[in-house]
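Please keep the model open while you read this note. The points are short, and each one can be checked by eye.

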Amino acid sequence: CNKKTPHYRMEASIIYFYIDDKIEIWNIRVYLGDIPVFYFPYYVQSLKTNKAPFDFRFGHNDSTGWYAYTKYNYYFDYYNTLMFGYDYLEKMGNKYNAEWKYKANKDSYGLLSGFYNNDKNTHIDRWQVNFNHTQNFNERTRAIVRVNTFSDKDLRKDDLVPSADTLRQEYNGFFSTGFGFCSLVILL
């Protein structure tokens, strides 16, 4: 914020600039006004992409009360990213998020994500884990593994995961190949 009295700002103890490559920052403190709200020991920002390293959202609604959604995105390269999140939810308790999108090469890629929340009212542990991996062996043969599991059916109702399909938990594998004019598909 460029105002005389900034709404938010960041301070760091060490900053290294690598021309046309990246910026490394150590011991970052994020302030809202004069109040320190976050600390990160290390952060790197690629100068080759314009993707946002931090995502902050604040507000209020009836189901969560006051909320603050925070995410820290680390971009290894264009295809490989890591995200850590911390959400303050007044009525539901704190929520911790993580997501790893990876791509080893054009034939091997996937996603591992999940969250954990200890419900403030019931003191029940709430969580969700998602894993998807695709492996293409050649243009006709591939394998896919999917896992989607969560702690309870109330995740959608409680707005922890508004898009959750609470009737379906998945544990499946898929293999397909083709030869000549025939195909072979195996579902697990």
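The points below cover charged pairs, one strand residue and the aromatic rings.

1. Start with the status of the model. It is predicted. Keep that in mind for every distance quoted here.

2. Now the salt bridges. The structure holds 7 of them. Three are picked out below.

3. Take D34 and R9. They form a salt bridge, and their closest N and O atoms are 3.7 Å apart. This pair links distant parts of the chain, with the two positions 25 residues apart in sequence numbering. R9 belongs to strand β1, residues 8-11. D34 sits in the loop between β3 (22-32) and β4 (35-46).

4. Is D34 buried or exposed? Its relative accessibility is 68%, so D34 counts as exposed. The cut-off for exposed is over 50%. R9 has a relative accessible area of 25%, so R9 is partly exposed.

5. Next, E11 and R29. Their side chains meet in a salt bridge, at 3.6 Å from N to O. E11 lies in strand β1 and R29 lies in strand β3, so the pair ties together parts that are 18 residues apart in sequence. Both partners are partly exposed: E11 has 29% relative accessibility, and R29 has 27%.

6. The third pair is K106 with D107. Their side chains also form a salt bridge, at 3.5 Å from N to O. K106 counts as exposed, at 63% relative accessibility. D107 counts as partly exposed, at 24%.

7. Which residues are joined into one network by salt bridges that share partners? They are R9, E11, R29 and D34. Points 3 and 5 can therefore be read together, because these four residues belong to one network of salt bridges.

8. Now look at E99. This residue is found in strand β8, residues 95-105. E99 is partly exposed, with a relative accessible area of 23%. Leaving out residues up to four places away in sequence, E99 touches T81, L82, M83, L111, L112 and S113. Check N130 as well. E99 and N130 are 31 residues apart along the chain, and their C-alpha atoms are separated by 9.2 Å.

9. On to the rings. How many aromatic pairs does the structure hold? There are 8. One of them is W100 with Y102, and this pair is tilted. The centres are 4.8 Å apart, and the planes make an angle of 40 degrees.

10. The two rings of that pair belong to residues with unlike accessibility classes. W100 is partly exposed, with a relative accessible area of 38%. Y102 is at 14% relative accessibility, so Y102 counts as buried. The cut-off for buried is under 20%.

11. Find the aromatic cluster too. F38, F40, Y43, F56 and Y72 form one cluster. Trace these residues one by one in the display.

12. Finish with charges over rings. K22 lies over the face of Y18, at 5.3 Å from the ring centre. K103 offers another case: its charged end sits over the ring of Y79, 4.3 Å from the centre.

How values were computed. Residues are numbered from 1 along each chain as its sequence is written. This is a predicted model: local features need pLDDT of at least 70, side-chain atom pairs count only at pLDDT 80 or more; totals for chains, interfaces and linings use all residues. Side-chain values use heavy atoms; hydrogens and water are left out. Helices (H or I, at least four residues) and strands (E, at least two) are DSSP runs, numbered from the N terminus. Buried means under 20% relative accessible area, exposed over 50%, partly exposed in between (1.4 Å probe, protein chains only). Contact means heavy atoms within 4.5 Å. Rings of Phe, Tyr and Trp (its six-membered ring) pair if their centres lie within 6.5 Å; planes under 30 degrees apart count as stacked, over 60 as edge-to-face and the rest as tilted. A charge sits over a ring if NZ of Lys or CZ of Arg is within 6 Å of the ring centre and within 35 degrees of the ring normal.
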